[in-house]
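This report describes a model of two protein chains, moving from one helix to the chain as a whole and then to the contact between the copies. The structure comes first, and the description follows.

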There are 2 protein chains.
Amino acid sequence: MTTETYAKYAKTASIMTASASEEIKNRALKNIAAALLENKEKIFHANKIDIERSEKENLALPLLKRLKFDELKLKEVISGIESLIKLDDPVGKTLLSTELDKGLELYKISCPIGVIGIIFESRPDALVQISALCLKSGNAVMLKGGSEAFETNHVLAEIIYNASVNSGIPENWLYLVESRSQVSEMLKYDKYIDLIIPRGSNEFVKYIMDNSNIPVLGHADGICHCFIDEYAETDKAVSIAVDSKTQYVAVCNAVETILVHEKCAARILPALKQKLEEKNVRIFSCEKTLKFINTEKASEKDWGMEYLDYIVSIKTVSTVREAIDHINKYGSGHTDVIVTENTDNADLFMNLVDSGNVFWNCSSRFSDGFKYGFGAEVGISTNKIHARGPVGLDGLLIYKYKLIGKGQTVEDYAAGIKKFKHKPLKNKKFKIN
Amino acid sequence: MTTETYAKYAKTASIMTASASEEIKNRALKNIAAALLENKEKIFHANKIDIERSEKENLALPLLKRLKFDELKLKEVISGIESLIKLDDPVGKTLLSTELDKGLELYKISCPIGVIGIIFESRPDALVQISALCLKSGNAVMLKGGSEAFETNHVLAEIIYNASVNSGIPENWLYLVESRSQVSEMLKYDKYIDLIIPRGSNEFVKYIMDNSNIPVLGHADGICHCFIDEYAETDKAVSIAVDSKTQYVAVCNAVETILVHEKCAARILPALKQKLEEKNVRIFSCEKTLKFINTEKASEKDWGMEYLDYIVSIKTVSTVREAIDHINKYGSGHTDVIVTENTDNADLFMNLVDSGNVFWNCSSRFSDGFKYGFGAEVGISTNKIHARGPVGLDGLLIYKYKLIGKGQTVEDYAAGIKKFKHKPLKNKKFKIN
């Protein structure tokens, strides 16, 4: 089958998954969890092949670690599925109900988006998590995982597909795309695929955004900032900045630039430098900063760098507004932090920094669907439409309007014979009868 | 100034309009209404120039009618502004609040999208309506109107801009783009413009969708269907189908194809043909239909045609599923109607037809923001993300997450020293203190 045929079949399947009952979806999730457990030796064996091959190919250690699918990962994905089962069915919720006129009732009803294309990194547990999210939200899905995890993904997708279809989920609702060339093909089928969620390297996300008419949900960059205001407490500020930078450097919500108000520079910078250096962070500083601490010198390009490493740039600013303007200019709209004991400055910062996540007195690393309590995360979005910030199940849903009449025509209203009432039905639930 | 400079200034302005107070926004709307009234002779004079020029250029009569801006239109736009003033400020609403842990509170807060590019048709009243919507929702806007309305739009934009800026709305929040070449330029500035809303000809909307990385909200086609089920009442069915087709043929929510169940074809088709012909509708029928009525013969291309005229295609189908499949294949996901007295068929149709608006026993022409009671309409969207169907003020908003802590770092949670609570705060309103 061609990739286009896959996409077409997925579209057809999505019409049916959209109206799959809560019972069938939850049964399928339960059976997927059971099948994963039952076939664990097969999964671990496939994963061993992937790891051995990747070791031979000298895959970097952090990637090898992410590739591993062991008892612990299995336990985690099963616990994830179990929490999804407990969630209310997100499909079919009445979001608005209005009596337009007597016997003419409008309902806004949540529904799945349709076919989601998800391209994800080397973690095979992401495949399980994403499939489960798509199933619960009634979407069909085309998945492409990292090639390092080829064998593991293949086995996992097979187990998930069979367990779900045997539970009554429509055939063709899930496809595992296994070659890179198929991804470029997928990008063409805006007729069949409604949304692409890429999780991976920046270059790849940018490539997708530039090469498809399909809407993309995600972020290309995570250039996050921590601004230490003149009214910041030293210990709190240093602790938040260091955690934001070093708690996990390879992720999008790690801070790349620290901004320090000049009025507290003498107090903050030496302490900050010491703590960063204890964590082996390499520092690039602006000229003003260099008056207070001795580090390497930053150049213009440092302000737009996503290091994803034990590297940070530091800039000393004269005002809160200068910090805000710097962030809005060089940031990527992801996550930005202010540390201050001054409420007005915190308020100004959170209002004027145009990012999906604006934090006051806590680490940028909290910017995450699990930490936000969403249960599961599809990804983090720097989009300004549909979904912004960490995206949970909500991001996989849209709505449709259902209007129920008794033979009404518009001409009667145009001619003034009838008049609209527009009476809210106080979220009266849609029920056909 | 170049178009890029305009766009850049609009972006800067949008940061400030986003935090404009409800008081200032409503005062600005009030002053805009007053200024329009005060300057009405100037507006009418400009409109006269546009109309005279367009008459000389032999602009089609319906377009000339839409171009007219007279006392009635003025009254309408002012009444529109007045209803907008009465609406709650849509910005700054708390959509979710969660206590992640003691002293670590997450708030999801509605906010404007940023800079909206709107390209609209010949109606100059649309300029007033759209500007007012953007102002109320805290967005900056770049507007491009139809060239026929050049003089009227110019005067209207000037009045609106001056009245709003004098009321305290940030400078550069509104730009009127006056040449077509500037539109192609706008499409490049995804760095500054967050959303494009095109209202106009299909070709133009398609051109925009194909030529920009900026998300587009709108619809290229309005291929709407009316399906008359075997359980339809004859009079109701004919009346709904005729209203859907003829009440206003030049609009996107007019029906282009009528589907008739074969079990009621003998009963419905002759009556339908008579009523359509009374309205001078030209009919193209499939072969099955031709067994019941004598009309011109439809060809494959008719099923994908948006006639926007007194023309309709009719197809006889064997099952509800065939009707649904036809609509999902040839339709544009806009608005589709079933006429039936059978609840199960209505339910099936409304669930499986993958359109933004699915209607039971009423005209497709109800698919409209005003008729839905949204007060104002930005446009109708066939997107499957962000906003679908008629889009009101809601479509101009997104949200940001504000997280307020007391110095928390993620390392404490990673190390197991602290644990997340994820306690819902029952939509506790965000308030900084």
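## Helix 1 of chain A

How far apart are the end C-alpha atoms of helix 1 (residues 3–17) of chain A, and what span should its 15 residues have at 1.5 Å a residue? The expected span, which is defined as 1.5 Å times one less than the number of residues, is 21 Å, and the end C-alpha atoms are 20 Å apart, which agrees. Helices (H or I, at least four residues) and strands (E, at least two) are DSSP runs, numbered from the N terminus. The buried residues of helix 1 of chain A include Tyr6(A), Ala10(A), Ser14(A) and Thr17(A), where buried means that 20 or more other C-beta atoms, placed from the backbone, lie within 10 Å of the residue's own (exposed: 12 or fewer; partly exposed: in between). An α-helix has 3.6 residues a turn, so residues three or four places apart point the same way.

## Basis of the model

This is a predicted model, in which local features need pLDDT of at least 70 and side-chain atom pairs count only at pLDDT 80 or more, while totals for chains, interfaces and linings use all residues. Residues are numbered from 1 along each chain as its sequence is written, and chains are lettered from A and ligands numbered from 1 in the order in which they are written.

## Chain A as a whole

Chain A contains 15 helices and 17 strands, and its C-alpha atoms fill a box of roughly 75 × 65 × 35 Å along the principal axes. Of its 433 residues, 55% count as buried. Contacts (C-beta atoms, placed from the backbone, within 7 Å) often link distant parts of the sequence: among those in chain A between residues at least 6 apart, 72% join residues at least 24 apart.

## Strands 1, 2 and 17 of chain A

Strands pair if DSSP finds at least two bridges between them. Strand 1 and strand 2 of chain A pair in the antiparallel sense over six bridges, and Ser97(A) has Tyr107(A) in strand 2 of chain A as its bridge partner. These two strands form a hairpin with two residues between them, and Gly103(A) in the turn has a positive phi of about 70°. Strand 1 of chain A is also joined by two bridges to strand 17 (residues 423–424) of chain A, again in an antiparallel arrangement, with Thr98(A) opposite Pro424(A).

## The parallel sheet of chain B

In chain B, an open sheet of four strands has the order 5-4-3-6 with parallel pairing. Strand 5 (174–176) and strand 6 (195–198) of chain B are the edge strands, each pairing on one side only, and the twist averages 15° from one strand to the next. Angles here run from 0 to 180 degrees between N-to-C directions, with axes fitted to C-alpha atoms, for helices over the stretch in contact.

Within this sheet, strand 3 (residues 115–119) and strand 4 (residues 140–144) of chain B run parallel and are joined by five bridges, with Val115(B) opposite Ala140(B). Helix 7 (residues 150–166) of chain B packs on the sheet, touching strand 4 and strand 5 of chain B, and its direction makes about 165° with that of strand 5 of chain B. Helix 6 (residues 124–136) of chain B lies across strand 3, strand 4 and strand 5 of chain B, at about 165° to strand 4 of chain B.

## The contact between the chains

The contact takes 65 residues from chain A and 65 residues from chain B. Strand 16 of chain A supplies the largest share of the side of chain A that touches chain B, eleven residues. By class, this side has 28 nonpolar, 23 polar and 14 charged residues; Ala, Val, Leu, Ile, Met, Phe, Trp, Tyr, Cys and Pro count as nonpolar, Asp, Glu, Lys and Arg as charged, and the others, Gly among them, as polar. Across the contact, strand 13 of chain A and strand 16 (residues 397–408) of chain B pair in the parallel sense over five bridges, and Asn357(A) stands opposite Tyr401(B).

A rotation of 180° with 0.0 Å of shift along its axis superposes chain A on chain B (RMSD 0.1 Å), with the fit made by least squares on the C-alpha atoms of residues with pLDDT of at least 70 in both copies. The two copies are thus related as by a two-fold rotation axis. Of the residues of chain A, His386(A) comes closest to this axis, at 1.9 Å (C-alpha), and 100% of the contact residues of chain A recur in chain B.

Notes. Contact = placed C-beta atoms within 7 Å.
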